[in-house]
Amino acid sequence: MADSEREQAVLKKVPKDLYIDGAWRAGTGGGTLSVEDPATGEALCEVADAQPDDALAALAAAAGKQAEWGASAPRDRGEILRRAYEAIVSQTDELALLMTLEMGKSLAESKAEIAYAAEFFRWFSEEAVRIHGRYMVNTTGKGRILTMRQPVGPCVFVTPWNFPTAMGTRKLAPAIAAGCTVVVKPAQQTPLSMLALAKILEQAGLPGGVLNVITGKHSGELIEPLLKDSRTRKLSFTGSTEVGRSLIEQSAEQVLRVSMELGGNAPFLVFEDADLDAAIEGAMLAKMRNVGEACTAANRFHVHESIAAEFAARLAERMGALKLGRGTDHDTDVGPLIDEAQREKVEELVGDAVERGARALIGSGRVDGPGYFYEPTVLADVPDDARLLREEIFGPVAPIATFSTEEQALAAANLTEYGLVAYVYTRDLARAFRVCEGIETGMVGLNQGVVSNPAAPFGGVKQSGFGREGGFEGIAEYLETKYVAISL
Ligand code: NAP
């Protein structure tokens, strides 16, 4: 099959309707939302544009199913997740192509995301049967303490476009394992991956009403009524700190349980004793994974002054050798950015840094022609007041600043309202511990450029949010603890 035929076949197969109470149907207004290919700017297809009534119907379905689903056998829930895991793995090529079409990243990156996303289903299929409580003799010796853990109840999920499948499975898998029902709203740029995922879960035997998917143009109008409805018990959001803040406020009315996976501004520290080869490999991953459009992306490099010039030259050589192109082309390393607004933001931040004295070693900005391409860029001698040291870049731009002492490096790393992840390169064990302990983030990559792992607790501190996804901690977000005081 020719490439374009394969693309059409994948697009044709994915559902375009809302998925509510186990049925696929159009939105009540009959309107649609256009999905675009960021490599060409052209429309790929249309999906349903949900209205507030559809969102409430989705919540009604989730709430109606909660008691039955919460009482289902943990083994059954685990088996559904396991079947879905296997289905995702067996459909990797199709799902990756779909993701590349709507999001832009290279096929290799989309395949890596599909593998990562599927692992959450496997991990939580194993956790579903390990939900447990505690039995304890009271300190007085007379009574007994019993704790049980029960599903939180109907959840609302809002997910971003940058990891269209993994940001969904990282929430859905623990929720399903714990016995919660869900309404999920994917980002409007990338609804197709979530719709494909819902189809897989349906085919894996997930009962209707447990998962409900609404797609639409007007997120605020869809989500606000759900957060103000007393049937909703939890909100889990992945996206920008700005939107997260407003959703926390909206969640206050019903005192919802809230998990927030928000923005980042990851520092990448390279000490003078680092293994420079490893640091360059790690930098390439931490910076260029997902075209730099990752909350975990190394946003700024702080390198010891004695090795900064060599580090910058080597990173520029590696980043300059990457091939830009449509993600579907097999030799593409770097796809387009998600849209024009994102490209303008990257351009603005680079312009600001250069105006303040930064030197571009490689990269000359936007690429003319269709699509939202931006050249990989390395900036040396970035001054302290450059905006891109403080603001999330979300693009293929590596700003390099220098430091003289460990104290300076740590102070620079912590000089941000964000606290998601930091990367630290050093071969000195004592320094490694000092810096890992002193850094104000939820995660640290010590001599490695990727931290994401389904078996580990992913999440941030400060304005990067709260709550953890993945690991043993992940399922706790979807469980309430009930304590029974027993008098004998
Ligand atoms: P965003 O603009 O905050 O959007 C995220 C989601 O929120 C989308 O589904 C969006 O829908 C929805 N949304 C926007 N405004 C809303 C409102 N008023 N009410 C309810 N929902 C609303 O973020 P983004 O640009 O898609 O994603 C990039 C951000 O996500 C970055 O800051 C990145 O760091 C962060 N992120 C964090 C993590 C993490 O785990 N910490 C992981 C990935 C990404 P529409 O599509 O309709 O606007």
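The following dialogue explains how several features of this predicted model may be read.

Trainee: Where should one begin with the interior, and which residues have the most contacts inside the largest nonpolar core?

Mentor: One begins with the buried nonpolar residues that touch one another. Here the largest nonpolar core has 115 residues, and those with the most contacts inside it are Phe121, Leu172, Val270, Phe301, Phe311, Leu315 and Leu388. Helix α5 (residues 107–127) supplies the largest share of this core, nine residues. Another core, of 24 residues, lies apart from it and includes Ala58, Ala62, Val158 and Ile223.

Trainee: What does Leu388 touch, beyond residues up to four places away in sequence?

Mentor: Leu388 touches Asn299, Leu349, Val350, Ala353, Leu379, Val382, Ile393, Val397 and Pro399.

Trainee: How should a helix be read, and which residues of α9 are buried?

Mentor: An α-helix has 3.6 residues a turn, so residues three or four places apart point the same way. In α9 the buried residues are Thr241, Gly244, Leu247, Gln250 and Ser251. They are covered by elements that include α8 (219–227), β10 (234–238) and β11 (257–261). The helix itself, residues 241–252, reaches 17 Å from its first C-alpha to its last, close to the 16 Å expected at 1.5 Å a residue.

Trainee: When two helices meet, as α4 and α7 do, at what angle do their axes cross?

Mentor: The axes of α4 (residues 92–103) and α7 (residues 191–203) come within 8 Å and cross at roughly 155°. Angles over 145 degrees count as roughly antiparallel, and α4 and α7 are therefore roughly antiparallel to each other. At their meeting, Leu95, Leu98, Met99 and Glu102 in α4 face contacts from Pro191, Leu192, Ser193, Ala196 and Ile200 in α7.

Trainee: Turning to sheets, in what order do the seven strands of the open sheet stand?

Mentor: The order is β14-β15-β16-β13-β12-β17-β18, and the pairing is mixed. The edge strands, each pairing on one side only, are β14 (359–362) and β18 (443–446). From one strand to the next the twist averages 25°.

Trainee: In which sense do β17 and β18 pair?

Mentor: Strand β17 (residues 421–425) pairs with β18 in the parallel sense over four bridges. Val421 stands opposite Met443, and Ala422 has Val444 as its bridge partner.

Trainee: Which side chains of β18 are buried?

Mentor: In a regular strand the side chains alternate between the two faces of the sheet. Along β18, Met443 and Gly445 point to one face and are buried, whereas Val444 and Leu446 point to the other and are not.

Trainee: And which residues of β7 are buried on its two sides?

Mentor: Both faces of β7 (residues 155–158) are covered, with Cys155 and Phe157 buried on one side and Val156 and Val158 buried on the other. Strand β7 runs parallel to β8 (residues 182–185), to which four bridges join it. Within β8, Val184 is the bridge partner of Phe157.

Trainee: Finally, how is a single loop residue described; where is Asp17?

Mentor: One states its place, its exposure and its contacts. Asp17 lies in the loop between α1 (3–13) and β1 (18–20). Its relative accessible area is 29%, so Asp17 is partly exposed, since buried means under 20% and exposed over 50%. Leaving aside neighbours within four places in sequence, Asp17 is in contact with Trp24, Arg25, Ala26, Ala48 and Leu195. The C-alpha atoms of Asp17 and Val350, 333 residues apart along the chain, are separated by 40 Å.

Conventions
Residues numbered from 1 in each chain as written. Predicted model: local features only at pLDDT ≥ 70, side-chain atom pairs only at ≥ 80, totals over all residues. Heavy atoms only, no water. Core = buried A, V, L, I, M, F, W, Y, C linked by side-chain atoms within 4.5 Å. Buried < 20%, exposed > 50% of the residue type's maximum accessible area, 1.4 Å probe, protein only. Contact = heavy atoms within 4.5 Å. Expected span 1.5 Å × (residues − 1). Pairing = 2+ DSSP bridges. Axes fitted to C-alpha atoms, helices over the stretch in contact; angles between N-to-C directions. Parallel < 35°, antiparallel > 145°, perpendicular 65-115°, else oblique.
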